[in-house]
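Me: I have a protein in front of me and would like to reason about it step by step. Could we go through it as questions and answers?

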Amino acid sequence: MHAVKLTNLTDDYATVAGYGVVFGGQDLTGDTFTADTDFDVKRAVGRPVFYDHSLQQDVEHEIGEIAAIKTDATGLWVEAQLDRSKAYVEQVLKLVEQGALGYSSGSASHLLRRAGGMLKR
């Protein structure tokens, strides 16, 4: 896991950033991301951010949104803006400070395209 870090903090919002995908790295199911993977990043900005895939009963709501994504030689650098007025965001920020949280691509499995252990889309 590549932990996200706090990069900006205001009274209303917290920006957290880190690698959402590292090229050559494997996801939890063993699939590998490459620079050739189609991530469809142009539609990612503005998408909602959830804590733990919204699987926690108390934190099923979105806590922010993707603010920016850039691709570099390492992977996809993702910046998210968390809304500090949302329930549990302050607790999430404490986990960020501890280096305990990372990003997930959050892909729906039926939309993935694989070839030889590599994620194509």
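**Hairpin and sheet**

Me: How many residues lie between β4 and β5, which form a hairpin?
Reply: Strands here are DSSP runs of E with at least two residues, while helices are runs of H or I with at least four, and both are numbered from the N terminus. Strand β4 covers residues 64–71, and strand β5 covers residues 75–83. In the hairpin that β4 and β5 form, the number of residues between them is three.

Me: What kind of model is this?
Reply: Residues are numbered from 1 along each chain as its sequence is written, and side-chain values use heavy atoms, with hydrogens and water left out. Local features need pLDDT of at least 70 and side-chain atom pairs count only at pLDDT 80 or more, whereas totals for chains, interfaces and linings use all residues, since what you see is a predicted model.

Me: In what order do the elements of the protein run from the N terminus on?
Reply: The protein has one helix and seven strands. Reading from the N terminus, with β for a strand and α for a helix, the order is β-β-β-β-β-α-β-β.

Me: Which strands stand at the edges of the open sheet of five strands?
Reply: Two strands count as paired if DSSP finds at least two bridges between them. The open sheet has antiparallel pairing and the order β1-β2-β5-β4-β3. Each edge strand has a single partner, so one side of it is left without a neighbour in the sheet, and the two strands in that position are β1 (5–9) and β3 (48–49).

Me: Over how many bridges do β4 and β5 pair?
Reply: In general, strands of a sheet pair through backbone hydrogen bonds, either parallel or antiparallel. Between β3 and β4 the sense is antiparallel, with two bridges, and in that part of the sheet Val49 stands opposite Gly64. Strand β4 also meets β5, where Glu65 has Gln81 as its bridge partner and Lys70 stands opposite Trp77. This second pairing is antiparallel too, and its number of bridges is seven.

**Burial and the core**

Me: Is Thr15 buried or exposed?
Reply: Thr15 lies in strand β2. Leaving aside residues up to four places away in sequence, Thr15 touches Lys5, Leu6, Thr7, Asn8, Glu79, Ala80 and Gln81, where a contact means heavy atoms within 4.5 Å. A residue with under 20% relative accessible area is buried, one over 50% is exposed and one in between is partly exposed, using a 1.4 Å probe and protein chains only. Since its relative accessible area is 13%, Thr15 is buried.

Me: Which element gives the most residues to the largest nonpolar core?
Reply: A nonpolar core is a set of buried Ala, Val, Leu, Ile, Met, Phe, Trp, Tyr and Cys residues joined through side-chain atoms within 4.5 Å. The largest one has 14 residues, of which Val16, Val49, Ile63, Leu82, Val92, Leu93 and Val96 touch the most other members. The elements that give two or more residues are β2, β5 and α1 (89–97). With four residues, the element that gives the most is α1.

**Side-chain pairs**

Me: What is the angle between the planes of Tyr19 and Trp77?
Reply: Rings of Phe, Tyr and Trp (its six-membered ring) pair if their centres lie within 6.5 Å, and planes under 30 degrees apart count as stacked, over 60 as edge-to-face and the rest as tilted. The structure holds three aromatic pairs. Tyr19 lies in β2 (13–22) and Trp77 in β5, so their pair ties together parts that are 58 residues apart in sequence. Their centres are 5.0 Å apart and the pair is edge-to-face, with an angle between the planes of 80°.

Me: Which residue forms a salt bridge with Glu90?
Reply: A salt bridge is a side-chain nitrogen of Lys or Arg within 4 Å of a carboxyl oxygen of Asp or Glu, and a search of the whole structure finds one. Glu90 is partly exposed, with a relative accessible area of 32%, and its partner is likewise partly exposed, at 24%. The closest N and O atoms are 2.8 Å apart, and the partner of Glu90 is Arg84.
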